[in-house]
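Grab a pencil and work through these short exercises with the model open beside you. Try each task before you read its solution.

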Amino acid sequence: MSKALEGVKILDFTHVQSGPTCTQLLAWFGADVIKVERPGAGDATRAQLQDLPDVDSLYFTMLNHNKRSITLDSKTPKGKEVLWRLVKECDVLVENFAPGALARMGLTWEKIHEANPRMILASVKGFGPGRYEECKVYENVAQCAGGSASTTGFRDGIPMVTGAQIGDSGTGLHLALGIVTALFHRTVTGLGQKVDCAMQDSVLNLCRVKLRDQQRLDHGPLTEYSQFGEGIPFGDSTPRAGNDSGGGQPGRILKCKGWEHDPNAYLYFITQAAVWAPICDIIGEPGWKTDPDYATPKARLPHLNEIFTRIEAWTMKHDKFEAMDILNEYDIPCGPILSMKEIAADESLRKTGTIVEVEHPTRGTYLTVGNPIKLSASPSEVTRSPLLGEHTDEILRSVLKYTDAEVDEIAHSGAVGRIEKIAAE
Ligand code: CAO
């Protein structure tokens with residue numbers, strides 16, 4: 001079965017998380033992703049958060065599946081020569097260096113476009129053009145500058161960042177869509193183009209409902225926020241709303257049986273209007289079905305704290321899975337708070353390939369997250385991340401068609417790392 005992106009060559013000049021997330025997705029869809037790394041060190045994440053000595057970290061292995069690695073010093077004359085051969089050979093160059101770094105290597109859009117008019121140049125930066133455009137950015141900076149932190153956490157607490165890497169992985173996802181869109185456009189124009197994603201913009205895109213609420217504030221209080229029922233006045237910007245859904249269907253995280261000793265014995269419960277009647281029956285408040293203070297979604301808004309306290313009295317009698325089973329019988333939307341330990345053992349996620357076990361020559365077996373996007377005619381298979389420079393030789397010879405003598409010359413010039421054969425394979 002052919003892969004959706006088979007035949008597409010990606011010059012992967014990415015590092016850390018945002019860029020590698022993007023190129024990993026493209027690799028899962030079948031693109032040939034050639035990761036260019038600095039000889040000796042490689043992507044800095046290989047050595048970050050290491051749990052085993054001298055073994056590529058899980059941070060690296062979990063973001064670089066299905067890729068090939070070539071080491072190349074792009075600042076040496078021979079290294080530059082090889083890099084330009086790669087530019088001419090590949091369809092897409094993806095990078096997330098600090099602003100200006102790519103141009104300092106001589107790789108400006110004008111030169112790239114001249115050398116290979118079909119090439120797409122895809123970049124992640126922290127900020128788009130404007131007052132912060134020169135800044136280096138990591139995940140949490142983007143969460144803060146993109147509106148996520150100011151709207152996450154509890155009203156009376158400090159701004160919070162989330163565990164989901166919406167700045168890094170979120171931007172990588174946006175970039176991947178930009179790349180396949182540009183590839184599609186190229187089928188019509190025959191030309192490549194630039195694809196730019198700023199982490200701030202990507203976070204904001206994921207936070208658009210909070211900008212919605214900012215504008216709603218001009219016309220009155222946000223009645224779906226618990227703060228409204230608590231009689232606390234709203235300020236001039238979208239507040240932090242704890243675990244309120246804040247949307248049309250009020251929801252909360254509620255304690256379940258065992259919450260005293262299990263930090264994840266909780267359930268997210270949504271009081272969807274369509275199932276209000278069964279909710280009232282289950283929690284033992286049948287009168288709320290017709291009581292004018294509770295019968296309609298609008299009437300319920302000032303009473304959300306009371307309603308969720310009553311529902312929680314019920315959820316606390318059941319463990320989260322039991323509660324889920326009972327509520328699902330009535331199509332009441334709810335979800336258990338799953339720990340990473342529970343997710344790692346989840347049978348369904350393993351069956352669909354969203355959680356996969358991967359074999360690595362120096363690490364052994366480890367768990368990773370597979371492709372969350374399932375294509376029926378082009379399923380993804382997760383293969384391990386490359387060792388540093390593992391494919392240098394292969395790429396020089398088979399992709400760039402260097403002769404044996406030329407490969408020797410490149411190796412002796414110091415432009416590439418030691419060309420290794422992997423003994424374990
Ligand atoms: N050969 C020679 N030099 C290389 C090289 C290679 N193969 N690969 C990288 N380099 C050089 C770059 O040319 C750059 O050199 P100069 O600054 O001298 O021109 C240098 O390595 C470092 O690049 P950098 O500034 O991008 O790296 P950093 O560790 O200092 O910063 C980061 C990291 C992430 C803050 C920065 O890259 C950045 O802001 N990127 C854009 C936003 C982003 O993607 N952030 C997400 C981070 S988490 O996913």
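**Exercise 1.** Find how far a backbone N or O atom of Ser-18 lies from an oxygen atom of the ligand.

*Solution.* Keep in mind that this is a predicted model. Start at Ser-18: one of its backbone N or O atoms is 2.7 Å from a ligand oxygen. Next, check that against the cut-off for a polar contact, which is 3.5 Å. Now try Gln-17, where a backbone N or O atom is also 2.7 Å from an oxygen of the ligand. Finally, go to Leu-72: here a backbone N or O atom sits 2.8 Å from a ligand nitrogen. As for cover, the ligand has 940 Å² of accessible area on its own, and the protein covers 83% of that.

**Exercise 2.** Work out how many residues surround the ligand and how they divide by type.

*Solution.* First, the count: 22 residues surround the ligand, with Arg-38, Lys-136 and Val-137 among the closest. Then sort the shell, and you get 9 nonpolar, 6 polar and 7 charged residues. As for the place, the ligand sits in the largest pocket.

**Exercise 3.** Explain what the salt bridge between Asp-51 and Arg-363 ties together.

*Solution.* The whole structure has 24 salt bridges. In this one, the side chains of Asp-51 and Arg-363 meet at 2.7 Å, N to O. Asp-51 is in the loop between strand 2 and helix 2, while Arg-363 is in the loop between strand 10 and strand 11, so the pair links parts 312 residues apart in sequence.

Notes:
Residues numbered from 1 in each chain as written. Predicted model: local features only at pLDDT ≥ 70, side-chain atom pairs only at ≥ 80, totals over all residues. Heavy atoms only, no water. Near = heavy atom within 4 Å. Polar contact = N/O pair within 3.5 Å; in protein donor to acceptor, adjacent residues only side chain to side chain. Areas by Shrake-Rupley, 256 points an atom, 1.4 Å probe, with all protein chains shown as cover. 1 Å grid on protein atoms, 1.4 Å probe; cavity = no way out; pocket = protein on both sides within 12 Å on 5 of 7 lines; lining within 4 Å. Sits in = over half its atoms within 2 Å of the grid points. Nonpolar A, V, L, I, M, F, W, Y, C, P; charged D, E, K, R; others polar. Salt bridge = Lys/Arg side-chain N within 4 Å of Asp/Glu carboxyl O. Helix = DSSP H or I, 4+ residues; strand = E, 2+ residues; numbered from the N terminus.
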